[in-house]
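Trainee: Could you walk me through reading salt bridges and helix packing at the bench? I have a model open and would like to start with the side chains.

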Amino acid sequence: MKDAEFQLAELGLLRPSPSGGRVAISPESAADALLAPMEQDILQRRIAMAATRARLHALSGDYLEARSMRSAKSSIEIVEGIDNIRAVIDDLGRTCAKSLDALVYGGPQTDDALRAALAVDRELLSRGIRIRSIFQHSARGHRATTVYAATLASEGGQVRSTAVLPSRMLIYDDCAVLPLDPLNTAGGAALVRDPAVLKFLKQLFEHYWDRALDFAEEQRTGPVPTGVEREVLLLMAAGKKDEAIAHQLGMSPRSVSRIVARLMERLGAESRFQAGARAALNGWLS
C-alpha cells in the first residue's frame with residue numbers, strides 16, 4: 001500500500017492536505033504541475049535556438065560581401081590539401097562565365113581523371129563556356145587522352161598539343177590556378193587574381209596556344225631531311241628569311257625558296273612557323 005502511495009505521490013496524483021493526510025489530484029492537474037518545468041525549459045531552449053539562428057542569418061550579407069571582396073581584390077590565395085583544391089576548382093567551375101584555358105603538364109592523365117574532366121567540361125560547354133586545353137605531344141600516344149580530346153572537340157571544345165609545357169595551369173575567367181610544386185600538384189595551389197600577373201599568365205597561354213598543333217591532326221612522317229635540306233630547315237625554324245639563309249649557306253635565294261617550298265609541302269604546312277612546329281613534332285629538328 002505504501003509503495004502505491006509513494007508512486008502516486010511521485011506522479012503528483014497525491015498531495016498533502018491542510019487538515020492532515022493526503023488528497024487525490026486529477027491526472028490533468030498533476031500533468032500540468034509535473035510537466036510545466038520541462039515545457040518551460042523546452043520553450044527557453046527554442047527561444048535561444050531562434051535567437052542564434054537569427055544572429056547567424058544576419059551574418060550572411062557580411063559573408064557574401066567578404067567573399068566578393070576576396071574574389072575581386074585578393075592578389076594570391078594559397079590553398080593546401082587535395083580536398084580543398086578540388087573544392088576550390090569545383091567552385092570556380094560553377095561560377096565560370098566565359099572561358100577555361102588549361103595547360104595539362106606532364107604525361108598522360110589517368111582514365112578516371114579524364115572521365116571526370118570530360119563530365120565537368122561537358123557541363124561548362126553546355127553553358128556556352130569556351131574551353132581550350134593544351135597537352136604535351138607525349139599524350140598523343142595515350143588512347144584515353146585521344147578519346148577525351150576527340151569527344152571534347154566534337155562537343156565544341158578545342159584541344160592542342162605541344163612538345164614542352166612549363167607547368168600545369170588552369171585559368172577560369174579572371175582567376176588562374178597554379179600548383180605550388182609542379183611535381184606535386186596535390187600538395188597545394190595558388191589562386192592568382194592580380195591583374196598584372198593574370199595578364200602575363202594569359203599571354204603565356206596564348207604563346208603556347210599559337211605554337212601548338214591541333215590534337216586531332218595526324219603527325220606527318222616521311223624521310224628525315226639531310227644535308228642542305230636539313231640546314232635550311234634548321235635556319236628556317238630559327239626564324240631566318242630566305243635571303244639570310246642563302247647568304248649563310250652560300251646559295252642563291254631562289255634555290256633556298258625552292259627547298260623551303262618543298263619542305264612546307266612535305267609537312268603540309270601553310271606557313272613557315274607551322275612548318276617549324278610540325279618539323280619539331282616529327283623530330284626533324286632533334
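Trainee: Are Asp112 and Arg115 buried or exposed?

Mentor: A word on the source: this is a predicted model, where local features need pLDDT of at least 70, side-chain atom pairs count only at pLDDT 80 or more, and totals for chains, interfaces and linings use all residues. Residues are numbered from 1 along each chain as its sequence is written, and side-chain values use heavy atoms, with hydrogens and water left out. Now the general idea: buried means under 20% relative accessible area, exposed over 50%, and partly exposed in between, with a 1.4 Å probe and protein chains only. Here, Asp112 and Arg115 are both exposed.

Trainee: Which helix do Asp112 and Arg115 lie in?

Mentor: Helices (H or I, at least four residues) and strands (E, at least two) are DSSP runs, numbered from the N terminus. Both residues belong to helix H5 (residues 111–126), three residues apart, about one turn of the helix. Their side chains form a salt bridge, at 2.3 Å from N to O.

Trainee: How many salt bridges are there by the rule?

Mentor: The rule asks for a side-chain nitrogen of Lys or Arg within 4 Å of a carboxyl oxygen of Asp or Glu. The count is 12 salt bridges. One of them pairs Glu77 with Arg193, with 3.3 Å between the closest N and O atoms. That pair links distant parts of the chain, 116 residues apart: Glu77 sits in strand E3 (residues 76–80), and Arg193 in the loop between strand E9 (188–192) and helix H7 (195–211). Glu77 is buried at 18% relative accessible area, and Arg193 is buried at 10%.

Trainee: What about Asp101 and Arg130, where their side chains meet?

Mentor: They meet in a salt bridge, 3.4 Å from N to O. Asp101 in strand E4 (residues 99–103) and Arg130 in strand E5 (residues 130–136) are 29 residues apart, so this pair also links distant parts of the chain. Asp101 counts as buried at 7% relative accessibility, while Arg130 counts as partly exposed at 36%.

Trainee: At roughly what angle do the axes of helix H8 and helix H10 cross?

Mentor: Axes are lines fitted to C-alpha atoms, for helices over the stretch in contact, and angles run from 0 to 180 degrees between N-to-C directions. The axes of H8 (residues 227–237) and H10 (residues 253–267) cross at roughly 85° and come within 10 Å. That makes H8 roughly perpendicular to H10, a label for angles of 65 to 115 degrees; under 35 is roughly parallel, over 145 roughly antiparallel, and the rest oblique.
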